[in-house]
Amino acid sequence: MAVTLDPQLLEILACPSDDHAPLRPGTPADPDADALTCTACGRQFPVTDGIPVLLLDEATVPSGETADPVEP
């Protein structure tokens, strides 16, 4: 099922990593996935019951890449 978020909300959501890059719906492999993908680092954040979970600990890092270390 594709992510259905208010376009205005999607416009202001940003990756919580240091990049703060915009997010796009879906994943590169599945544009209809219930996830938001960072346009800079490629992390994929789940969307659960229509609510984006923008926590770095919950993000999926694309295979073959490593996530930036998270400051405590």
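Start by selecting β2 and β3: in this predicted model, the two strands form a hairpin with five residues between them. Within that turn, click on G42, which has a positive phi of about 85°.

Now look across the two strands. β2 and β3 run antiparallel and are joined by three bridges. To see one of the pairings, highlight A35 together with P46, its bridge partner in β3.

Next, follow the chain from β3 into β4, residues 51–52. These strands also make a hairpin, with two residues between them, and here D49 takes a positive phi near 50°. β3 and β4 pair in the antiparallel sense over two bridges. For an example, select V47 and its bridge partner in β4, P52.

Then turn to the interior. Which residues touch the most other members of the largest nonpolar core? Select L5, C15, L23, L36 and C38, the ones that do so in this set of 13 residues. β2 (35–38) and β3 (44–48) are the elements that give two or more residues to this core. In soluble globular proteins, nonpolar side chains tend to be buried together.

Stay with L5 for a moment and show its surroundings. Leaving aside neighbours within four places in sequence, L5 is in contact with L10, L13, L36, G50 and P52.

Finally, zoom out to the whole chain. The protein has one helix and four strands, in the order α-β-β-β-β along the sequence. Of its 72 residues, 33% count as buried. Switch on the surface to finish: the accessible area comes to about 4,900 Å², and 53% of that belongs to carbon and sulfur atoms.

Technical notes:
Residues are numbered from 1 along each chain as its sequence is written. This is a predicted model: local features need pLDDT of at least 70, side-chain atom pairs count only at pLDDT 80 or more; totals for chains, interfaces and linings use all residues. Side-chain values use heavy atoms; hydrogens and water are left out. Buried means under 20% relative accessible area, exposed over 50%, partly exposed in between (1.4 Å probe, protein chains only). Accessible areas come from the Shrake-Rupley method with a 1.4 Å probe; for residues, only the protein chains shown count as cover. A nonpolar core is a set of buried Ala, Val, Leu, Ile, Met, Phe, Trp, Tyr and Cys residues joined through side-chain atoms within 4.5 Å. Contact means heavy atoms within 4.5 Å. Two strands pair if DSSP finds at least two bridges between them.
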